Amino acid sequence: MPRRRTAAVLAALVIGASTPVLLPASGASAAACSSYPAWAAGRSYNAGDIVRYTDGKAYIAEHANPGYDPTISTWYWDPYPCDSGTPVGSFVVTEAQFNQMFPNRNSFYTYSGLTAALGAYPGFANTGSDTVKKQEAAAFLANVSHETGGLVHIVEQNTANYPHYCDWSQPYGCPAGQSAYYGRGPIQLSWNFNYKAAGDALGLPLLTNPWLVQNDASVAWKTGLWYWNTQTGPGTMTPHNAMVNGAGFGQTIRSINGSLECDGRNPAQVQSRVSTYQRFTQILGVAPGGNLYC
């Protein structure tokens with residue numbers, strides 16, 4: 001479906017995943033955070049441990065580690081919502097609303113995994129008025145819903161496509177193997193060059209270990225947010241900019257799959273995305289805005 005793969009329709013296999021660390025939906029007070037112990041290099045930490053780093057901010061261990069630096073080893077650590085201002089990990093969509101949007105979702109796609117991923121792009125659904133924030137959240141989740149069949153699909157089921165996503169002309173090649181870069185996650189990340197770019201941006205070894213996207217909910221959500229916030233695809237703007245700058249939901253469709261759906265190419269698919277977006281904005285109690293189609 002989207003931009004960086006062939007026109008083949010993607011379904012998915014249901015693959016189990018490790019349970020992510022839970023983050024609170026809203027931040028604790030700064031006073032409470034001051035009680036967390038200082039991080040120490042070389043000290044072993046278990047998943048769920050919370051530390052105060054040398055920058056004064058709090059971090060939670062998403063995975064056990066032997067004292068890795070929280071600001072460098074972002075696969076092992078996530079910012080913890082303790083400081084003043086809008087807490088990292090907060091979201092304009094509540095868990096109840098998320099569950100209402102995705103009543104049949106795969107258990108892999110956890111709400112906690114999504115909120116844990118928000119720290120990677122703090123401007124997402126956190127820019128502009130409350131209406132704009134909710135519209136952007138609804139737009140992201142509507143496109144994600146379309147890409148994954150309602151957060152059911154984790155990986156591309158058509159295994160015949162798998163060898164197609166390796167571009168050997170790239171200088172780094174395909175170190176995980178010819179068939180390793182198939183579609184995964186909420187926006188079905190695919191192709192070796194996209195895994196390389198997403199991994200570099202997120203500080204994750206996705207080129208050499210693309211399976212992280214299907215085995216860790218927070219990583220999966222981070223790749224979706226990476227595309228949403230940084231990539232224009234076949235469009236002229238990122239989906240994030242389309243929503244916060246008033247271009248409208250239609251431009252998010254163009255940036256995700258415009259070459260196959262927009263300008264009359266597949267109006268049924270566009271309508272499916274728009275209808276889902278309208279339903280999600282209704283759940284969030286905001287108007288969908290204009291320019292819904294592409």
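What percentage of the 294 residues of the protein chain count as buried? The figure is 54%. Keep in mind that this is a predicted model. Here are some exercises to work through with the structure open.

**Exercise 1. Take stock of the chain: how many helices and strands does the protein chain have, and in which order do they run?**

Step one is the count: the secondary structure comes to 10 helices and three strands. Step two is the order. Starting at the N terminus, the elements go α-β-β-β-α-α-α-α-α-α-α-α-α. Step three looks at sequence separation. Take the contacts with a separation of 6 or more: 62% of them come from residues 24 or more positions apart.

**Exercise 2. Work out the sheet: in what order do the three strands lie, and is the pairing parallel or antiparallel?**

Begin with the overall layout. The strands make an open sheet in the order 1-2-3, with antiparallel pairing. Strand 1 (50–52) and strand 3 (77–79) are at the edges, and each has a single partner strand, so one side of each lacks a neighbour in the sheet. On average, and with direction ignored, neighbouring strands here are turned by 35° against each other.

Next, go pair by pair. Strand 1 is joined to strand 2 (residues 58–61) by three bridges. Across that pairing, Ile50 sits opposite Ile60, and Val51 sits opposite Tyr59. The hairpin of these two strands has five residues between them, and there Gly56 takes a positive phi near 85°. On the other side, strand 2 and strand 3 pair over three bridges, again antiparallel, with Ala61 opposite Trp77.

Last, look at the side chains of strand 2. In a regular strand, side chains alternate between the two faces of the sheet. Ala58 and Ile60 point one way, Tyr59 and Ala61 the other way, and all are buried.

**Exercise 3. Classify the packing of helix 4 against helix 10: at what angle do they pack, and how far apart are their axes?**

Two numbers are needed, since two packed helices are described by the angle between their axes and the distance between the axes. Helix 4 (residues 130–148) and helix 10 (residues 267–284) pack at about 135°, with the axes 8 Å apart. That angle makes helix 4 oblique to helix 10. As for handedness, helix 4 passes helix 10 in a right-handed crossing.

Now for the residues that make the contact. From helix 4 they include Lys134, Ala138, Leu141 and Ser145, and from helix 10 they include Arg273, Thr276, Tyr277 and Phe280. Sorted by type, the residues of this contact split into seven nonpolar, eight polar and three charged.

**Exercise 4. Repeat the analysis for helix 4 and helix 9: what are the angle and the axis distance this time?**

Helix 9 covers residues 249–261, and its packing with helix 4 has an angle of about 25° and axes 9 Å apart. The two helices are therefore roughly parallel to each other, and their crossing is right-handed.

The contact comes from Ala139, Ala142, Asn143, His146 and Glu147 in helix 4, which meet Phe249, Thr252, Ile253, Ile256 and Glu261 in helix 9. By type, this contact has five nonpolar, three polar and two charged residues.

**Exercise 5. Place His240: which helix holds it, and is it buried or exposed?**

First the location: His240 lies in helix 8 (residues 239–244). Then the accessibility: its relative accessible area is 11%, so His240 is buried. Finally the surroundings: leaving out neighbours within four places in sequence, His240 is in contact with Gly123, Phe124, Thr127, Glu136, Trp228 and Asn229.

**Exercise 6. Compare the settings of Leu151 and Asn291: where is each found, and is each buried or exposed?**

Some background on the backbone helps here: most residues other than glycine have a negative phi. Leu151 is not a glycine, yet its phi is positive, at about 60°. Asn291, also not a glycine, has a positive phi of about 55°.

Next, find them. Leu151 is in the loop between helix 4 and helix 5 (192–202), while Asn291 is in the segment after helix 10.

To finish, check the accessibility. Leu151 has 0% relative accessibility and so counts as buried. Asn291 has 53%, so it counts as exposed; the cut-off for exposed is over 50%.

How values were computed: Residues numbered from 1 in each chain as written. Predicted model: local features only at pLDDT ≥ 70, side-chain atom pairs only at ≥ 80, totals over all residues. Heavy atoms only, no water. Axes fitted to C-alpha atoms, helices over the stretch in contact; angles between N-to-C directions. Helix = DSSP H or I, 4+ residues; strand = E, 2+ residues; numbered from the N terminus. Parallel < 35°, antiparallel > 145°, perpendicular 65-115°, else oblique. Left-handed = near helix turned anticlockwise from the far one by under 90°. Contact = heavy atoms within 4.5 Å. Nonpolar A, V, L, I, M, F, W, Y, C, P; charged D, E, K, R; others polar. Pairing = 2+ DSSP bridges. Buried < 20%, exposed > 50% of the residue type's maximum accessible area, 1.4 Å probe, protein only.
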